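Me: I am new to reading protein models, and I would like a close look at one part: the empty spaces inside and along the surface, and what surrounds them. Could you walk me through it slowly?

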Amino acid sequence: VYWESIFVVLPCFSGYAALFGLRHEVKVRLRIADDSSQASHHFGAAVSCLYLFGLIFRLAHKVVFSSLNPRVRVHVALTCMMLSMLVMSVVILTLECYDLYWVVVSYSLGGAAIGSFESNLLNCLTPFGHKTKRLAILGIPLGVNSILIGGFFLMGPPLQVSVTAVFAAVAALNFIGMLVFANWIPPSGETESGGMNELVADCKGCRHWLPLLWHYPLAFAVDTFTLAGFSPGLSLYVYNKDVVEVTAVGMVLETKTFFAFYNTANMLGGLCGRWLSYQLQQRHPATYVCFSVLGALLLVLQEPVLAPAGAFLVMLGDGLIYGTISRHVDSVIPQEFNLIAISYWLFIGDVGSLIGSSLISYLHDWLVA
């Protein structure tokens, strides 16, 4: 059981979380208001490149990196995430190059990284069995919440660490993740015959894997829509003042402290869901969509006291759906189609992410403005 795989997954998803979780901090630094202005909508389109390029590279990694096997693609993905963090921390926040072009570059690199990383890493870990993969996917909520909890805690009082330092630290983490993967996770015999020919062969062989899987990712698309659109998504723009009035009787928290509590519930939901997904009887992932939808409804109420419960339910649903599909792929999909099956599953999920992210500013206008 290669528990070290957690420390390969964690850095990449820390970068992913920094891009979607700290985008409001970036927006403030770019002096763009949370309103219905053209600049606000343009910023929303720029950060949606994270999901757009993630969607593209779910399948494009098989063509763009056709000469590389899945193990090398993992290193390329971590390098792209590190470069994304460096563009954000050095070019945008330190050198103050506030042109949205650089935001597009940073978020596009991050999207290409996450789109290439996830399917190739899971493919590399498949031969090591369910236990290794179960531990590896725990790195997703841990990585995300290293930023959504740890990052928000560091940026709040009394430490007041700058957002620039957080992005720079995540760049360093991704370099460490590459070292861990190179030195502690052994090769598993993965090969890739390469390029468009490989993708065409996978498509021709779809009768061997697609009927076993095609409807499973639809539940994941609903899940990723709620993640990108509502948690943290819309929540970052609902609670965007200096303090949050948690209760009517006057309990007030500094906003970053409030998000530290909010994201603790978020992390617990993700960890519980991913762990339980390998313990419960195998069911269709649509069974767990109710958790994601109920969590999103609680967040739409805009009641701060209910927000942590909403975040917990959204992430509980996400963990159960993600782990259930991962377990199903490993159990029923022939090994030679493992990578394309994972890529297809995550591709459909990214459609939900892209739609959810693109609608954030419009949801804000509808529910808040």
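Reply: Happy to. Let's begin with the largest pocket, which has a volume of about 350 Å³. Please keep in mind that this is a predicted model.

Which residues sit nearest the centre of the largest pocket? They are His24, Glu25, Val28, Thr255 and Lys256, out of 21 lining residues. At least two lining residues come from each of α2, α7 and α11. The biggest contributor to this pocket is α2, with four residues. By character, the pocket lining divides into nine nonpolar, six polar and six charged residues.

Now for the closed spaces. The structure holds three cavities of 30 Å³ or more, and the largest of them encloses about 350 Å³. This cavity is lined by 26 residues, and Phe13, Tyr16, Phe20, Leu227 and Asp318 are the closest to its centre. Many helices take part here: two or more lining residues come from each of α1 (6–21), α4 (49–64), α7 (130–155), α10 (216–238), α11 (255–277), α13 (307–332) and α14 (338–358). The largest share of this lining, seven residues, belongs to α10. In this largest cavity, the lining is made of 15 nonpolar, five polar and six charged residues.

The second largest cavity has a volume of about 140 Å³. Its lining has 14 residues, and those closest to the centre are Lys27, Gly44, Tyr237, Ile360 and Ser361. The elements that give two or more residues to this lining are α2 (23–29), α3 (38–47) and α15 (360–367). Here the division is four nonpolar, five polar and five charged residues.

What lies in the packed interior? In soluble globular proteins, nonpolar side chains tend to be buried together. The largest nonpolar core in this model has 105 residues, and the members that touch the most others are Leu22, Phe117, Phe167, Leu213 and Trp345. The greatest contribution to this core comes from α10, with eleven residues. So α10 is a helix to look for twice, because it also gives the largest share of the lining of the largest cavity.

To see what packing looks like around one core member, click on Leu213. Setting aside residues up to four places away in sequence, Leu213 touches Ile325, His328, Val329, Ile333, Ala341 and Tyr344.

Next, let's visit single residues on some of the helices that line the largest cavity. Asp350 lies in helix α14. Is Asp350 buried or exposed? Its relative accessibility is 4%, so Asp350 counts as buried; the cut-off for buried is under 20%. The Asp350 side chain reaches the backbone nitrogen of Leu55 at 3.4 Å. Beyond residues up to four places away in sequence, Asp350 touches Gly54, Leu55 and Arg58.

Leu59 is found in helix α4. Because its relative accessibility is 25%, Leu59 counts as partly exposed. Leaving out residues up to four places away in sequence, Leu59 touches Ile340, Ser343, Tyr344 and Phe347. Tyr344 is also among the residues that Leu213 touches. You can also use Leu59 to practise with distances: Leu59 and Glu25 are 34 residues apart in sequence and 31 Å apart in space, C-alpha to C-alpha. Glu25, you may recall, is one of the residues nearest the centre of the largest pocket.

Asn266 belongs to helix α11. With 1% relative accessibility, Asn266 counts as buried. Apart from neighbours within four places in sequence, Asn266 is in contact with Asn145, Ser231, Ala311 and Met315.

Finally, have a look at two loop residues. Most residues other than glycine have a negative phi. Arg31, which is not a glycine, has a positive phi of about 60°. Arg31 is in the loop between α2 and α3, and Arg31 is exposed, with a relative accessible area of 64%. Gln160, again not a glycine, has a positive phi of about 55°. Gln160 is in the loop between α7 and α8 (163–184), and at 51% relative accessibility Gln160 counts as exposed.

Methods. Residues are numbered from 1 along each chain as its sequence is written. This is a predicted model: local features need pLDDT of at least 70, side-chain atom pairs count only at pLDDT 80 or more; totals for chains, interfaces and linings use all residues. Side-chain values use heavy atoms; hydrogens and water are left out. On a 1 Å grid over the protein atoms alone, a cavity is a set of points where a 1.4 Å probe fits but cannot get out, and a pocket is an open set with protein on both sides within 12 Å along at least five of seven lines; lining residues have an atom within 4 Å of a point. Grid points are joined across faces, edges and corners, and a volume is the space filled by probe spheres set on the points. Ala, Val, Leu, Ile, Met, Phe, Trp, Tyr, Cys and Pro count as nonpolar, Asp, Glu, Lys and Arg as charged, and the others, Gly among them, as polar. A nonpolar core is a set of buried Ala, Val, Leu, Ile, Met, Phe, Trp, Tyr and Cys residues joined through side-chain atoms within 4.5 Å. Buried means under 20% relative accessible area, exposed over 50%, partly exposed in between (1.4 Å probe, protein chains only). Contact means heavy atoms within 4.5 Å. A polar contact is a pair of N or O atoms within 3.5 Å; within protein, one must be able to donate a hydrogen and the other to accept it, and residues adjacent in sequence count only if both atoms are side-chain atoms.
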